[in-house]
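Got the viewer open? Load the model, keep the sequence panel in sight, and follow along stop by stop.

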Amino acid sequence: MAEKAPSDAPAERASSGFNLNEFNSTTILTEKQRLEDEENFNPFEHRVVAKPFSTGGALAHLLKSSLGTGILAMPMAFKNAGLLFGGIGTVVVGILCTYCVHILVKTSHEVCRKTREPSLGFAETVGKVFEVGPQPLQKYSNAARIFVDYALMTTYYSAACVYIVFIATSFAKVINFELDLTWDVRIYIALVALPVWVMGQIRELKYLVPFSATANLFIVITFGVTLYYMFNVELTFHDKPLFSSFGQLPLFFSTVIFAMEGIGVVMPVENSMSKPQHFLGCPGVLNTAMITVIVLYAVMGFFGYVRFGDIVEGSITLNLPQEDAIAQTAQVLIALAILFTFGLQFYVPMDILWRKIENRIPKEKHNISQILIRTGIILICCAVAAAVPNLEPFISLVGALFFSTLGLLVPAIVETVFRWPHDLGPLKFIFFKNVIVGLFALFALVAGSVVSIGEIIEIYRHTEEEH
């Protein structure tokens, strides 16, 4: 036995060496197979959508979601920038918003391929990116997903507050003029609370379709009337500044971001397409929609400011001549259009919120719980609207606080985390590019919020002095 040991040792070492090599080879093959599986998995082929959008339908939906109150606020944005800077700034911000949507959707496609998921929503994409990202960040995946969910809810609820102010201000303009009243806009906010509550109680999308179709018709008519009054007199350009002032630029950027950002709509539309591969690329649904939006917004902002100058209001429809019946009709129609789209605006955050709390409430109490929760949130929205009943700074504040965060900052962070540390391009170009995008988003967030809040305080101070 003692003589056999030396001959057995090399055999054992050989056997041990063979097992180690076999393990290494298996590991390499497994990793190679995993990468091949990721490359071969096409998430588009595994999507099951009951009623998918066609490419044209997706384009129409994106355009419809962009052409609302935002475009009517563009002349006010140009007032805070000047004609030249406003035109250039609108194009730059539009390109930046488009690019951030592009990197978000592209990253979502790549993480779907990596995790073998057919599709992911906005919050799910962010959560999955952190989940498969660098080891130290993986523990924050759930927190990142929750943050985006609550940020989306807050964004939509804040936009709902803007809608209420818009509706009340439009009605106040017409009724006060016709009946020779001096009622404060807060009275009209209280009056429109009931129809807003009715729209907010609609829980099924199919019941919102007729209201949405009617709203689209009213918006088209209003745009036509607004364009008529914009060009029915000779326009003068010489008295409009090419550049306003640095102090007003945060208001400009915040307003344009509010007007253009539709980040909450993008992922649901892309996930519902019959041919989602047509969403990105050239020309693609996204590029076609955003080029159209940028052109329309720039034209409306430029000529709206040229027509009405420094007296332009938070919605250009409020500048239409009060003595004209056609102008008054347009103001009422746009107020009704925004009222009819309130249900759709309210549906998105309520859907997110209800999915989070549904299982905590007994099934037999679901109906009354829905009514009470929706009523409470609508009352809070009306209270916020009554506290800040001025469209101009309110739009800028919402754009600065929420749309800059979700539309610019989050996509930049998501792409960086997903590609960290070995897929950031030559000289870490993607990292430094996203740092610049993030810094601009933080500038819009901080500067826009500070200036908007300052404007609100100034309005309150001026109102108190008058009284």
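## Charges and overall layout

Start by colouring the charged side chains: the chain has 32 positive and 38 negative charges, and their mean positions lie 7 Å apart. Here Lys and Arg are the positives and Asp and Glu the negatives, with His and the chain ends left out. Each charge is placed at NZ of Lys, CZ of Arg, CG of Asp or CD of Glu.

Before going on, two ground rules. This is a predicted model, where local features need pLDDT of at least 70 and side-chain atom pairs count only at pLDDT 80 or more, while totals for chains, interfaces and linings use all residues. Residues are numbered from 1 along each chain as its sequence is written, and side-chain values use heavy atoms, without hydrogens or water.

Now switch to cartoon. You should count 16 helices and 0 strands; these are DSSP runs numbered from the N terminus, with H or I over at least four residues for a helix and E over at least two for a strand. Along the principal axes, the C-alpha atoms fill a box of roughly 115 × 60 × 45 Å.

Turn on the surface next. About 22800 Å² is exposed, and carbon and sulfur atoms supply 66% of that (Shrake-Rupley method, 1.4 Å probe; for residues, only the protein chains shown count as cover). Of the 467 residues, 49% count as buried, meaning under 20% relative accessible area; exposed is over 50%, and partly exposed is in between (1.4 Å probe, protein chains only).

## Colour by confidence

pLDDT is the predictor's confidence in each residue, from 0 to 100. The chain averages 85, and 90% of the residues score at least 70. Which elements sit at the two ends of the scale? Helix α1 (residues 4–40) has the lowest mean pLDDT, 50, and helix α8 (residues 185–200) the highest, 94. Select residues 1–18: pLDDT is below 50 there, and the stretch makes 0 contacts beyond near neighbours in sequence (a contact means heavy atoms within 4.5 Å). Where pLDDT is low, don't read the predicted coordinates in detail.

## Two cysteines

How many disulfides does a search of the whole structure find? It finds 0, a disulfide being a pair of cysteine sulfur atoms within 2.5 Å.

- Select C100: its sulfur is 6.9 Å from the closest cysteine sulfur, in C97, so it is too far for a bond. C100 is buried, at 0% relative accessible area.
- Select C161: its closest cysteine sulfur is in C381, 4.0 Å away, again too far for a bond. C161 is buried too, at 5%.

## Odd backbone spots

Most residues other than glycine have a negative phi, and most peptide bonds are trans. Here are some spots to check against that.

- W420 and P421 are joined by a cis peptide bond, with omega about -5°. P421 is in the loop between α15 (391–419) and α16 (429–466).
- K428 is in the loop between α15 and α16, and has a positive phi of about 55° although it isn't a glycine. K428 is partly exposed, at 36%.
- D180 is in the loop between α7 (141–178) and α8. D180 has a positive phi of about 55° and is exposed, at 70%.

## Last stop

Zoom in on T125, in helix α6 (residues 122–132). Buried or exposed? T125 is buried, at 1% relative accessibility. Leaving out residues up to four places away in sequence, T125 touches L104, S108, V111, L120 and M267.
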